[in-house]
Each structure stands twice: as structure tokens, then as C-alpha cells.
Amino acid sequence: MRWISAAAAVVVLGFNLLSAATLSGTTSNGGQYFPTDRLAVAGIGVFFTALTLVPWRLRVHADRDGVRVRNLLGDVTVPWEMVQRVRFDRKAVWASLELTNGEVVALLAVQVFDGERSVAAVRRLRQLHTDSRQPDQATSRR
């Protein structure tokens, strides 16, 4: 998904910069284009380019303590004790964490478009979740 967004960013930025560079003449109602209009078109291109790069922000980091998720609008850290199960349904676009309080945390970084990489990531998350439910060997010896 990241590479698709990078390619889209190149196309969007290129189109808008080309449009800004070639913008001249008059408008359909007889108005005239000014240099600020070129800057506005270029600025709009930068804005939409930034939107296409949003998938590069998405992250999921899991360890024996829990899962840290960075989605579109924020970050959340969930300890494994709060995770009821890791879901990646057949018709789902991305994986999710089903929490014990009934909430669902979307894992936008683990998408079906990534194929086997997403399946491997979900398997690893499920293994970490299972391992967190096992009694720690160090505490069981005491």
C-alpha cells in the first residue's frame, strides 16, 4: 500500500506543479490569472500529495507487553491483557484488535493489499497474544 501511495504522490504532485507552471491567460469569464494563482495551484498539489502519503504514517508495533498502534488520527497503546482477540476477517480490508471492553481498534497498517506480509503480521500478533496469556516461567518457579 505504501508504494501505491508513493506513486500516487508523484503523479499528484507532478500534475499540480505542471498545472501551476503552465497556468496563464484568462479565465472563462474574462478574468486574468496572477502569480498567486500559480502558488495556490501548487499549494493545493502539496496538500493532496501529503494526503496520498498518509499510509506511510501507519504503524503497528507489538512486543510481549502489548501493541502500539499509529492510525490516521492518533496513537494508542493497548496491553495484551485488554486484547480479547486479534481479528483479520476474510472480507475485512484491515486487521483489528477486539478488546475485552467491547471496543475494536483498527490496525490500518495491516491491510489485505499487502498479501502474505499482512497474514504473517497477524500470525505474529496472535502468537504474541497467546504468549502473553501463558504464565511467565520465571514467576511460576517461585
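Which side chain meets Arg57 in a salt bridge? Asp75 does, with 3.3 Å from N to O. The legends below walk through this pair and several other sites in what is a predicted model.

**View 1. Asp75 and Arg57 meet through their side chains in a salt bridge.** Asp75 sits in strand β3, which spans residues 75-79, while Arg57 belongs to the loop between α2 and β1, so this pair ties together parts that lie 18 residues apart in sequence. With a relative accessible area of 54%, Asp75 is exposed, because the cut-off for that class is over 50%. Arg57, at 31%, is partly exposed.

**View 2. Asp75 also forms a salt bridge with Arg70.** Stay with Asp75 here and turn your attention to Arg70: the closest N and O atoms of these two residues are 3.9 Å apart. Arg70 has a relative accessibility of 32% and counts as partly exposed. If you are keeping a tally, the structure holds seven salt bridges.

**View 3. Four residues, Arg85, Arg87, Asp89 and Glu98, are linked in a network of salt bridges.** Within this group, the side chains of Asp89 and Arg87 meet at 2.5 Å, N to O. Asp89 is partly exposed, with a relative accessible area of 35%. Arg87 counts as partly exposed too, at 22% relative accessibility. As a general reminder, side chains of opposite charge can pair when their charged atoms come close.

**View 4. Ile44, Phe47, Phe48 and Leu51 make a nonpolar patch on the surface.** The patch covers about 400 Å². One of its members, Leu51, lies in helix α2, which runs over residues 35-52. At 46% relative accessibility, Leu51 counts as partly exposed. Patch members need over 30% relative accessible area, so the 46% of Leu51 satisfies that cut-off.

**View 5. The largest pocket holds about 540 Å³ of space.** It is lined by 20 residues, and the closest to its centre are Arg2, Ala109, Val110, Asp114 and Arg117. Which elements give two or more residues to this lining? They are α1 (2-22), β1 (59-62), β6 (104-111) and α3 (116-133). Helix α3 provides the largest share of the lining, with six residues. Sorted by class, the lining of the largest pocket has 13 nonpolar residues, joined by five charged and two polar ones.

**View 6. Thr77 in strand β3 and Gly31 are set 54 Å apart in space.** That distance runs from C-alpha to C-alpha, and the two residues are 46 positions apart in sequence. Thr77 is exposed, with a relative accessible area of 55%. You have already met strand β3 in the first view, as the element that holds Asp75.

**View 7. His61 in strand β1 and Gly30 have C-alpha atoms separated by 56 Å.** Along the chain, His61 and Gly30 are 31 residues apart. Is His61 exposed or partly exposed? His61 is partly exposed, with a relative accessible area of 43%. Its strand, β1, is also one of the elements that give two or more residues to the lining of the largest pocket.

Methods:
Residues numbered from 1 in each chain as written. Predicted model: local features only at pLDDT ≥ 70, side-chain atom pairs only at ≥ 80, totals over all residues. Heavy atoms only, no water. Patch = residues over 30% accessible without salt bridge, like charges linked within 9 Å, V, L, I, M, F, W, Y side chains within 5 Å. Areas by Shrake-Rupley, 256 points an atom, 1.4 Å probe, with all protein chains shown as cover. Helix = DSSP H or I, 4+ residues; strand = E, 2+ residues; numbered from the N terminus. Buried < 20%, exposed > 50% of the residue type's maximum accessible area, 1.4 Å probe, protein only. 1 Å grid on protein atoms, 1.4 Å probe; cavity = no way out; pocket = protein on both sides within 12 Å on 5 of 7 lines; lining within 4 Å. Points joined across faces, edges and corners; volume = space filled by probe spheres on them. Nonpolar A, V, L, I, M, F, W, Y, C, P; charged D, E, K, R; others polar.
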